[in-house]
Structure formats: C-alpha cells, structure tokens
Amino acid sequence: YGPPMGKKLVLFIDDLNMPRVDTYGTQQPIALLKIFMERKGFYDRGKELNWKKMMDILPVGAMGPPGGARNNVDPRLISLYN
C-alpha cells in the first residue's frame with residue numbers, strides 16, 4: 001500500500017510531542033508511529049489481522065520544546081529519524 005507508482009508520500013506529523021503520557025509512561029500515538037517506522041506497515045484491524053506493508057512513505061515530524069502541554073518524546077522514536 002502507498003502512493004501511486006513512481007510517487008512518494010510525505011507524512012507530516014505536527015506537534016509530535018503533544019500526546020499525553022499514560023500511566024505506563026508511554027504515548028500510544030507515538031508507539032503506533034514507531035511501529036510504522038520500524039516495520040514499514042500496520043496490522044489490518046479486520047478479523048484476520050493481516051499485515052499491510054506500506055511503501056514510498058517518508059515520515060516528517062515537527063515539535064516544540066517540552067513544557068506546558070508538550071511532553072518529552074521517546075528517544076527510541078527520535079533515533080528512527082536519524
């Protein structure tokens with residue numbers, strides 16, 4: 001799955017550090033984005049949980065400094081941008 005043949009999709013995520021930290025110290029939207037960047041796809045939420053491989057997608061993120069409603073982002077996600 002992905003953009004038409006010969007094209008690329010830029011996935012821009014603004015305010016990357018806005019998701020609230022849950023009781024386990026994780027940020028669920030960040031965890032989903034991390035899986036996508038590491039494994040290049042998602043599981044389909046249907047009955048059979050088929051793997052959907054994504055191709056030609058470039059994730060780009062932006063965020064402000066921590067403070068106020070902004071939280072620190074998992075360093076394991078940040079390392080995937082290098």
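## Nonpolar surface patch

Val10, Phe12, Leu58 and Val60 together make up a nonpolar patch on the surface, and their combined accessible area is about 360 Å². Strand 1 and strand 4 are the elements that contribute two or more residues to this patch. The model described here is a predicted one.

Valine 60, one of the patch residues, is located in strand 4. Its relative accessible area is 31%. Valine 60 is therefore classed as partly exposed, a category that lies between the limits of 20% and 50%.

## Helix 1 and its buried face

Helix 1 covers residues 28-39, which amounts to 12 residues. The distance from its first C-alpha to its last is 17 Å, close to the 16 Å expected at 1.5 Å a residue.

The buried residues of this helix are Ile30, Leu33, Lys34, Phe36 and Met37. Viewed down the axis of helix 1, these buried residues fall within an arc of 160°, so they line one face of the helix. In general, an α-helix has 3.6 residues a turn, so residues three or four places apart point the same way. The buried residues of helix 1 pack against strand 1 (9-13), strand 2 (41-43), strand 4 (57-61) and helix 2 (75-80).

## Lysine 34

Which residue of helix 1 is a lysine with a relative accessible area of 16%? Lysine 34, which is placed in helix 1, has that value and is buried. The assignment follows because buried means under 20% relative accessible area.

When residues up to four places away in sequence are not counted, lysine 34 touches Asp74, Arg76, Leu77 and Leu80. Lys34 also belongs to the set of buried helix 1 residues that pack against elements including helix 2 (75-80).

## Positive phi values in loops

Aspartate 15 lies in the loop between strand 1 and helix 1. Its phi is near 50°, which is a positive value in a residue other than glycine. Aspartate 15 has a relative accessibility of 31% and counts as partly exposed.

Lysine 40 follows just after helix 1, in the loop between helix 1 and strand 2. Although lysine 40 is not a glycine, it has a positive phi of about 60°. With a relative accessible area of 47%, lysine 40 is partly exposed.

Notes: Residues are numbered from 1 along each chain as its sequence is written. This is a predicted model: local features need pLDDT of at least 70, side-chain atom pairs count only at pLDDT 80 or more; totals for chains, interfaces and linings use all residues. Side-chain values use heavy atoms; hydrogens and water are left out. Helices (H or I, at least four residues) and strands (E, at least two) are DSSP runs, numbered from the N terminus. The expected span of a helix is 1.5 Å times one less than its number of residues. Buried means under 20% relative accessible area, exposed over 50%, partly exposed in between (1.4 Å probe, protein chains only). The arc is that of the directions from the helix axis to the C-beta atoms. Contact means heavy atoms within 4.5 Å. Patches are made of residues with over 30% relative accessible area and no salt bridge: like charges are joined within 9 Å, nonpolar side chains (Val, Leu, Ile, Met, Phe, Trp, Tyr) within 5 Å. Accessible areas come from the Shrake-Rupley method with a 1.4 Å probe; for residues, only the protein chains shown count as cover. A salt bridge is a side-chain nitrogen of Lys or Arg within 4 Å of a carboxyl oxygen of Asp or Glu.
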